[in-house]
Amino acid sequence: MLGRTLVGVAALALSTAPVVIAQGGTASAETTSPGTPRAPRVVFAEDFENGQGATPVLVTGYTGAAPVRQTYTADPAWLADCNGWIVSQQAPAAVPPATGCGGWWPTVKQLAGSLGKWAGGDPATNHAVTAFSHADPGPGRTQLETVTPVGVGAAKRFLTFSVDAAEVNCYANHARFGFHLLDGTRAVPAFSTPIEPCADSGTVVNGISVGTYTSDSPVLFDGSTVGLRLVNLQGSGYGNDAAFDNVRILDVTPRLDVGFDPASAEVGRDSTLTFTVTNTDELAAKNGWTFTENLPAGLTVTGAAPVTDCADATVTAPPDGGRVTVTGSLPKGKASCAATVKVTAAKAGTYTVCADDLGGVAGIDPPECAGVTFVPPVLAFDAHAHGGRLTTPLLTVSPLAPSDVTCTVGPAGDDATLAAATLPALGSLGVVTTGASGTVDANGLRAATATARTARVSLLGGLVTADEIVTTAKAEDDASGNVTTAGAVRLTDLRVNGRPIADPEIGLKIDIPLVATVVINERIPTAGGAGIAVNAVHIRTLAGADVVIGHARASLTVPGWPCPAV
């Protein structure tokens, strides 16, 4: 990560625009939509006001406010010769001998007052760390360094700094402030061009150049705790008369939002999973963030190519896989960017992605949970039953007591009853009862069912008889949208040419010599395998008559497709 950090620093520039930042250690529970930047989170803020009054205090003798109660060190050169004093305009008019400020004392106090006015505070009471060097301090010496590391909350966060600074005597050598973020003993530069208030001021207050300076190329910081070091690269004591206040370390990590569109889809269809990376509202560049989303079991990436408008981006999402890795950058001024992948599921259910599903996270705030629901496909019910039908070369007897649910999307039912029937020249039937239905259970699963019950069957002069024949056909889907079919024939005292038939195999064929061929428990696939037709008894006579006793068929088909036919 060191290499990535230093690359980010190399492109750093400084902004002098004043930044309004909420004080405090944590971000507020701000609710904004994806793509809308939020304010940075203040990791550390020091205003040098804790316990201060009229008496000047060396910065090494100051203790910051609770809970951190930060203390500071500095190079000895920046603690002598009118350097390193926390001062306000409340300070005594007479020069405190320990400061070594001599006749520069009024200007030292004005530096603190100008910073107070710039920040919108009270110029009379504002305190700042001042320097009015009249001896050469030497270049690159530390002017301020924190003693106690401050918790960031997690490693791999984008951090930056902000400081108010003021300078006078701009005709001479300028102060050249450089900030470093401290990761243990390692100092990570957070600047490329040093801060020069004289050269890059936000305004001039009472002849004093003043401004707020914020890095616009934050560091992707490795550690989970951070310290701060301010060095002054100006080694001369001629000029170099400046003060600073309101030192802040800011967490400017972009946040990740995830969402699905549509949020509900049929099994096997696509939903677009969108990863939105949103900048913080200073809109500084954030280079090299990355994350891996581990999708929940059953949710997979389709073969569609990922799409992104993020800079320097790579989206890795193998088809049929359950992992998506995104790496990219947010250029300066960019509010947000997004990466999208198509996902699907082969089984119905709700699939949720949450922060805990992320891995390999660097430079990203984890998202809130988001979910997508895949539902079984909405298939059309088709179910039919009748007690019998007859077709001959000379006449046709239409289905007896038909019940029909024909290619219907919504739940439906039908039933019929016939007291008795005669099949001309072939025989008779007793009571016929049929039913057809399409139902949806509590889980959204669908079933089409057809049943025919025919009593007192007597055909072919008594060669085919039965007390009762019950025929059932059923088609139902599962959570994956797959359709399974089943058929059943229940026979009570069926006899064919004197042969008792109780539990026939599928498609049992019996020949009655010189009369007919009889097929028992006949099964016919329909609707491309999504349906079944069952004939309990199917008789074909040598004279050309075709008789079916106990017919049921059921299927589940895609709405709009042609209704199945037998």
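**View 1. Strand 23 pairs with strand 24 in this predicted model.** The two strands run in the antiparallel sense. Their pairing spans 4 bridges. Strand 24 covers residues 323-330, and strand 23 covers 311-316. Look for Ala-311: it stands opposite Ser-329 in strand 24.

**View 2. The open sheet has 4 strands.** Their order is 23-24-20-27, with antiparallel pairing. Strand 23 lies at one edge and strand 27 (358-362) at the other. Each of these edge strands pairs on one side only. From one strand to the next, the twist averages 5°.

**View 3. Helix 2 takes in residues 105-118.** The helix has 14 residues. From first C-alpha to last, helix 2 reaches 20 Å, close to the 20 Å expected at 1.5 Å a residue. After helix 2 comes Gly-120, with a positive phi near 85°.

**View 4. Buried residues of helix 2 pack against strands.** The buried residues include Trp-105, Val-108, Leu-111 and Leu-115. Lys-109 is buried too, as are Ala-112, Gly-113, Ser-114 and Gly-116. Their packing partners include strand 5 (83-87), strand 6 (128-132) and strand 9 (157-168). Strand 12 (203-205), strand 13 (208-215) and strand 16 (241-251) are also among the partners.

**View 5. Residues 1-29 have pLDDT under 50.** For this stretch, the model has 62 contacts beyond four places in sequence. Across the protein, the mean pLDDT is 91. A pLDDT of 70 or more is reached by 94% of the residues.

Definitions and conventions. Residues numbered from 1 in each chain as written. Predicted model: local features only at pLDDT ≥ 70, side-chain atom pairs only at ≥ 80, totals over all residues. Heavy atoms only, no water. Pairing = 2+ DSSP bridges. Axes fitted to C-alpha atoms, helices over the stretch in contact; angles between N-to-C directions. Expected span 1.5 Å × (residues − 1). Buried < 20%, exposed > 50% of the residue type's maximum accessible area, 1.4 Å probe, protein only. Contact = heavy atoms within 4.5 Å. pLDDT = per-residue confidence, 0-100.
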